[in-house]
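Me: Could you walk me through how to read this one? I'm happier at the bench than in front of a viewer.

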Amino acid sequence: MSSIARWAWVLLVLELLGAMAGLFAPHERVWGIDLGATGTVVFGFALWVGAWLFARHPDAIFPPEWSIAERRGWAGLLFLTLVFLNFARFMGAIADLDIPPVSMRELPSRHFLSNLFVILIAWAVVADTLRGPKSELVELDERDLRMQRLADHAGDWALTLAVIAVVLLLAFVPAQRLAWWLMPLIAANMLIGLLIGRSFVEHASLVMLYARERR
Amino acid sequence: MTEFAVSNQIRQHRLARAEMTQAELARLCGVTRQTIIALEAGKYSPSLELAFKLARALGRNLDEVFRYEEQK
C-alpha cells in the first residue's frame, strides 16, 4: 500500500469518527468541548483533504480495476450509511418525546435536517471528485449499466419484500400494539426509511456485483 | 450437457498492435479501461456491438478475437 493510500485510509477513519461524533455526541459539553460540532468540523476537514488528495492522485487511492461507477458505488454506500444512521437517530428522538408529534412543527427535526444537508452536500462533492480527470470521457459503459440494472433489481426486490412484511404486520399484529407506528407523522417517516433502505440495498448490491465479477 | 463459453484474444492482439495500451483501446471503443481489464481477464462477455468495435479497433475479424469454445 502506497503512502498516499495509507493517508486516504487515515482520512476515511477520521471522516467516519467525525460523522459519528456529529450524529451521536451528547448535547452537553464534555470538558468544555462541544463534541458534536467538533466532529462535524473534523468530518468536513477530512472530507475536503481527502477530495483534494484524490483529485491529485486518483489511481493511487483506488485499485485500477475499479471503474468510476464502482468508486461512486462505494461512496454512495458510505454516505447512505450515514443518512441511515442520521434517520435512525431522528426516529429515536421522536420515540423519546413524551407526547407523540401530530404536526410537522412538533418534530425535533432541525438538528437532523442540518446533518442530512451536510451529508448530501458532501456526497455530491465526493461523487463529482470521483469523476476523475476531465480527459477521461467514458464514465459509464455497457458493463457498468448492466451492473446498475442488476443492482436496481436487487433494490426493487428488497422494497417489495419490505412492503409485504408491512402488509403482514398490519394484517396480523393487533392494532393497539401498532398504535405508535400508525400515527400519520411516524408512518410517513417510516415510508421514508423504506426508501433509504431500498437505496442502501441497491448500492450494497452494486459494489458486491463488481467484487464478485473480479473473483 | 456440454457447456460453452466466450473466450477472447484481446490482450494478444492488443500487444501485437504496437503495444496498444488498455486506455487507448478503451478510448477507441468508447468504454472504460476497467471494462478492457475485465474482458482480458475473461470476467466479462461483451455485447455483440462492443465485440465488433473491439475487433475493428484491433484490425481483426470477429472470429480472430473471440471464440465460442467448450468449457474445460
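Me: In what order do the elements of chain A run from the N terminus on?
Reply: They go α-α-α-α-α-α-α, so to speak a roll call of seven helices and zero strands. Helices and strands here are DSSP runs numbered from the N terminus, with H or I over at least four residues for a helix and E over at least two for a strand. Keep in mind that this is a predicted model, where local features need pLDDT of at least 70, side-chain atom pairs count only at pLDDT 80 or more, and totals for chains, interfaces and linings use all residues. Residues are numbered from 1 along each chain as its sequence is written, chains are lettered from A and ligands numbered from 1 in the order written, and side-chain values use heavy atoms, with hydrogens and water left out.

Me: How many of the residues of chain A count as buried, as a percentage?
Reply: Of its 215 residues, 35% do. Buried means under 20% relative accessible area, exposed means over 50%, and partly exposed is in between, using a 1.4 Å probe and protein chains only. The C-alpha atoms of chain A fill a box of roughly 60 × 50 × 25 Å along the principal axes. Take the contacts in chain A between residues at least 6 apart in sequence: 79% of them join residues at least 24 apart. A contact, by the way, means heavy atoms within 4.5 Å.

Me: How do I describe two packed helices?
Reply: You give the angle between their axes and the distance between the axes. The axes are lines fitted to C-alpha atoms, for helices over the stretch in contact, and angles run from 0 to 180 degrees between N-to-C directions. In chain A, try helix α1 (residues 3-24) and helix α2 (residues 35-56): their axes come within 7 Å and cross at roughly 155 degrees. That makes α1(A) roughly antiparallel to α2(A). The labels go by angle: under 35 degrees is roughly parallel, over 145 roughly antiparallel, 65 to 115 roughly perpendicular, and the rest oblique.

Me: And which hand does the crossing of α1(A) and α2(A) have?
Reply: Left-handed. A crossing gets that name if the near helix is turned anticlockwise from the far one by less than a right angle, and right-handed if clockwise. Among the residues that meet there are A:Trp7, A:Leu11 and A:Gly18 from α1(A), and A:Gly39, A:Phe43 and A:Leu47 from α2(A). By class, the residues of this contact divide into 14 nonpolar, six polar and one charged. Ala, Val, Leu, Ile, Met, Phe, Trp, Tyr, Cys and Pro count as nonpolar, Asp, Glu, Lys and Arg as charged, and the others, Gly among them, as polar.

Me: What about chain B, which elements does its secondary structure come to?
Reply: Five helices and two strands, in the order β-α-α-α-α-α-β from the N terminus on. Its radius of gyration is 12 Å, close to the 11 Å that the globule rule gives for 72 residues, so chain B is as compact as a globular protein of that length. That radius is taken over C-alpha atoms, and the rule is 2.2 Å times the number of residues to the power 0.38. Buried residues make up 39% of the 72 in chain B.

Me: At what angle do helix α2 and helix α4 of chain B pack?
Reply: Helix α2 (residues 22-29) and helix α4 (residues 48-57) of chain B pack at about 125 degrees, with their axes 9 Å apart. α2(B) and α4(B) are therefore oblique to each other, and their crossing is right-handed. B:Leu25, B:Leu28 and B:Cys29 of α2(B) make the contact with B:Leu50, B:Lys53, B:Leu54 and B:Ala57 of α4(B).

Me: What should I know about the sign of phi?
Reply: Most residues other than glycine have a negative phi. Here, phi of B:Ala18 is near 50 degrees, a positive value, and phi of B:Glu19 is near 50 degrees too. B:Ala18 sits in the loop between α1 (10-16) and α2 of chain B, and is exposed at 74% relative accessible area. B:Glu19 is in the loop between α1 and α2 of chain B and is exposed as well, at 59%.

Me: Is B:Gln34 buried or exposed?
Reply: B:Gln34 is buried, with a relative accessible area of 5%. Not counting residues up to four places away in sequence, B:Gln34 touches A:Pro64, A:Glu65, A:Trp66, A:Ser67, A:Arg71 and A:Arg143.
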